[in-house]
Amino acid sequence: MNLKFIALIIVVVVIIASGFYVYAETQKPKSQQSSITVVDDLGRSVNVSLPVKRVVSMDPSDTQMMYAIGAGSLLVADTSFDWWPANSTLLPHVAMDSGVASVEQVVNMTPDLVLATTIQTSQIIDQLQNLSIPVLVFEPQNISNIYTDMMTLGKVTGHTSGATAEVNHMKSVISNVQTKIANYSKESLLYMMWPNPIYTAGPTSFIDNVITTAGGANIAENLSGPYPVISLEQVVADNPQTIIVDNNTGVSNMTYFTSGNQSQIWDNISAIKNDRLLIFNVTESNWMNEPGPLTIYAVQMVAQFLYPQAFE
Amino acid sequence: MRFSNYLFTVFLVLLTVFNILVSLSIGPVHIPIQAILKNIYLYAFNKGPDWTITTILFYIRLPRIVLAVIIGMILGVSGLVIQTIFKNPLGDPYLTGVSSGAAVGAAIGFLVSPFLVPVLAFVFAMTAVGISFLISRSDGEVNTEMLILAGVSVSFLFSAVASYIIYLKVANLRGVIFWLLGGLYGATWTDDFWLFLALMVIFPLMVYFRRELDIMLMGDEQAKSLGVNTARVKTVVLLISSLITSLAVSVVGIIGFIGLVSPHIGRKIVGESHRFLVFVAPLIGANILLVSDTIARSTPQGEIPVGIITSFIGAPVLIYLLYRRRKI
């Protein structure tokens with residue numbers, strides 16, 4: 001009697017346990033994959049365990065890409081520089097005013113994946129990798145690089161369709177702009193990141209890619225490096241038809257050119273003579289300087305400034 | 001020896017003129033010599049010169065060349081008197097805290113408005129110098145040994161403040177870093193005018209004190225026994241050299257090495273006496289800075305900070321002179 005009762009309990013336990021086992025097996029993801037290896041913009045092969053549920057972003061452009069592909073809800077922390085979308089500012093911050101993230105704070109967030117740009121030093125990235133926290137470094141050099149980065153991000157976070165949709169959206173906006181401006185002759189442009197000496201966006205920079213995509217002819221095309229200094233001589237010789245000035249340069253209006261101590265020089269530059277000057281505000285500067293989904297606004301903005309007739 | 005010293009001084013003046021002319025024909029935009037001469041003629045006789053070439057030559061290149069000569073002279077002569085008074089071969093014009101003071105001013109300037117940078121750099125440079133002098137005053141006389149230590153301490157303190165502001169607060173790091181490395185990119189005739197005026201006030205004073213400086217090379221006690229008012233000479237010379245260095249730094253940022261190396265090169269050629277040195281050191285400074293700046297602004301990749309070039313040219317020249325002297 002006693003023995004029968006024990007046997008019954010054992011049978012019931014075995015049945016329930018195997019039931020749980022079968023249930024648990026069916027609940028497992030269908031794919032056999034439990035990890036994925038992707039290559040980031042530094043050419044590093046990074047192995048990420050799936051599924052990714054907690055992501056820390058160490059740069060606004062990474063945050064923006066996450067939200068744009070529909071993976072924003074996976075973010076558990078970002079930076080104090082984040083501003084878009086509005087709810088990204090509500091997350092805890094791991095990278096503060098100095099831009100460099102605190103490894104302790106990142107680890108404290110127990111992330112499955114960390115997103116960074118090259119602003120973070122390699123020591124920080126190595127430290128996190130040594131703690132078995134995968135770090136993907138995204139540093140798009142041009143617009144098509146944003147597409148590949150978004151697709152990579154989509155693959156890792158399980159939002160491939162969201163990434164594809166966002167990339168297609170960006171492509172259609174840009175081709176729409178390019179169709180409109182196709183029939184106009186190219187306007188030459190000086191891009192000023194700093195007025196004295198004149199820091200500009202060189203041919204290998206992301207900004208140059210945006211300018212070129214928007215139909216501008218960057219006068220710094222023959223210089224080397226991403227952010228070279230262009231001499232005032234060169235500016236006078238090239239006589240640009242348009243000038244764009246970034247935010248935070250201290251140049252807030254035309255008077256810098258027309259009544260500064262170099263006004264004799266600037267007064268005769270075509271762009272200043274014809275009032276073809278665009279000075280970015282904070283948002284516009286962010287569009288230009290944070291490669292990601294908002295880059296399409298930068299392209300639109302530059303194209304509209306260069307060819308206002310095309311957008312009437 | 002004396003005759004050859006005269007000759008060398010004249011040679012330096014001619015070299016400076018030659019360098020100015022050569023520099024005028026070199027730049028990121030290539031302008032052939034014929035075009036330059038033709039435009040000088042058209043400009044002089046008001047016959048409708050080419051706007052692009054005229055602007056580049058007379059409003060961009062020439063003011064910059066003149067500025068290089070003036071700043072080189074200022075740094076050369078300041079470095080000379082600092083080395084003499086401190087009896088320290090490592091003395092340079094920034095020893096009393098000028099550069100770090102200016103860096104704090106510039107950092108605050110970049111934070112508030114980039115157009116305030118020169119004014120704030122000058123004010124803070126003089127503040128740092130003032131603090132160094134106050135610390136090292138004893139019995140109404142500047143104690144040079146204390147002044148070196150005070151200068152170093154004040155420099156470190158101001159550098160820390162500058163680094164803090166730049167690291168945490170300044171959004172445009174590029175502007176600050178380029179300023180800290182120094183450069184003559186912003187040269188205008190207005191800058192040239194004011195700095196030339198300052199040089200013309202201060203340089204004759206240095207020439208006036210050249211005999212006192214010679215005597216002070218023998219040591220303070222001996223100088224006093226020969227009737228030199230060492231306290232007065234020291235205070236006046238140090239103050240005016242700090243003042244003019246601050247002015248130079250406020251316009252072009254911190255250009256290193258010229259103030260250190262020009263007096264040494266001069267000494268190796270014309271000897272220790274200030275009779276010639278007070279002319280030779282600034283002229284050497286002018287030529288090193290002019291050549292360096294011409295290279296800095298003419299590289300095909302875009303401008304590079306001039307401080308890199310000054311060290312690259314000045315250091316080998318000094319090493320060569322030291323080596324040659326040793327063999328003789």
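Buried area is taken here as the accessible area, with a 1.4 Å probe, that two parts lose on being put together, summed over both. In the predicted model, the area buried between chain A and chain B amounts to about 2,600 Å². Carbon and sulfur atoms contribute 65% of this area. On the side of chain A, the residues that lose the most area to chain B are A:Trp194, A:Glu233 and A:Val236, which together account for 25% of what that side buries. The contact draws 29 residues from chain A and 29 residues from chain B.

Polar and charged interactions across the interface were also enumerated. Between chain A and chain B, 2 salt bridges are counted. One of the residues involved is A:Glu233, which pairs with B:Arg61; the closest N and O atoms of this salt bridge lie 2.6 Å apart. A:Glu233 is thus described both by its salt bridge with B:Arg61 and by its place among the residues of chain A that lose the most area to chain B. In addition, 3 residue pairs are found in polar contact across the interface of chain A and chain B, with both residues at pLDDT 80 or more. With respect to secondary structure, the elements giving two or more residues to the side of chain A that touches chain B are α8 (232-238) and α10 (263-266) of chain A. The largest share, 5 residues, comes from α8(A). By class, this side of chain A comprises 15 nonpolar, 12 polar and 2 charged residues.

Within chain A, helix α2 (residues 60-68) packs against helix α5 (residues 143-157) at an angle of about 65°, and the two axes are 10 Å apart. The crossing of α2(A) and α5(A) is right-handed. From α2(A), the contact is made by A:Met65, A:Met66 and A:Ala68, while α5(A) supplies A:Ile146, A:Asp149, A:Met150, A:Leu153 and A:Thr157. Classified by residue type, the contact of α2(A) with α5(A) has 6 nonpolar, 1 polar and 1 charged residues.

Backbone geometry was examined as well. Most residues other than glycine have a negative phi, and most peptide bonds are trans. A cis peptide bond joins A:Trp84 and A:Pro85, with omega about -10°; A:Pro85 is located in the loop between β4 (75-79) and β5 (93-95) of chain A. The peptide bond from A:Asn196 to A:Pro197 is likewise cis, omega being near 0°, and A:Pro197 lies in the loop between β8 (187-192) and β9 (198-199) of chain A. A:Ser132, a residue other than glycine, has a positive phi near 60°. A:Ser132 belongs to the loop between α4 (122-130) and β7 (135-137) of chain A.

Methods:
Residues are numbered from 1 along each chain as its sequence is written. Chains are lettered from A and ligands numbered from 1 in the order in which they are written. This is a predicted model: local features need pLDDT of at least 70, side-chain atom pairs count only at pLDDT 80 or more; totals for chains, interfaces and linings use all residues. Side-chain values use heavy atoms; hydrogens and water are left out. Contact means heavy atoms within 4.5 Å. A salt bridge is a side-chain nitrogen of Lys or Arg within 4 Å of a carboxyl oxygen of Asp or Glu. A polar contact is a pair of N or O atoms within 3.5 Å; within protein, one must be able to donate a hydrogen and the other to accept it, and residues adjacent in sequence count only if both atoms are side-chain atoms. Helices (H or I, at least four residues) and strands (E, at least two) are DSSP runs, numbered from the N terminus. Ala, Val, Leu, Ile, Met, Phe, Trp, Tyr, Cys and Pro count as nonpolar, Asp, Glu, Lys and Arg as charged, and the others, Gly among them, as polar. Axes are lines fitted to C-alpha atoms, for helices over the stretch in contact, and angles run from 0 to 180 degrees between N-to-C directions. A crossing is left-handed if the near helix is turned anticlockwise from the far one by less than a right angle, and right-handed if clockwise.
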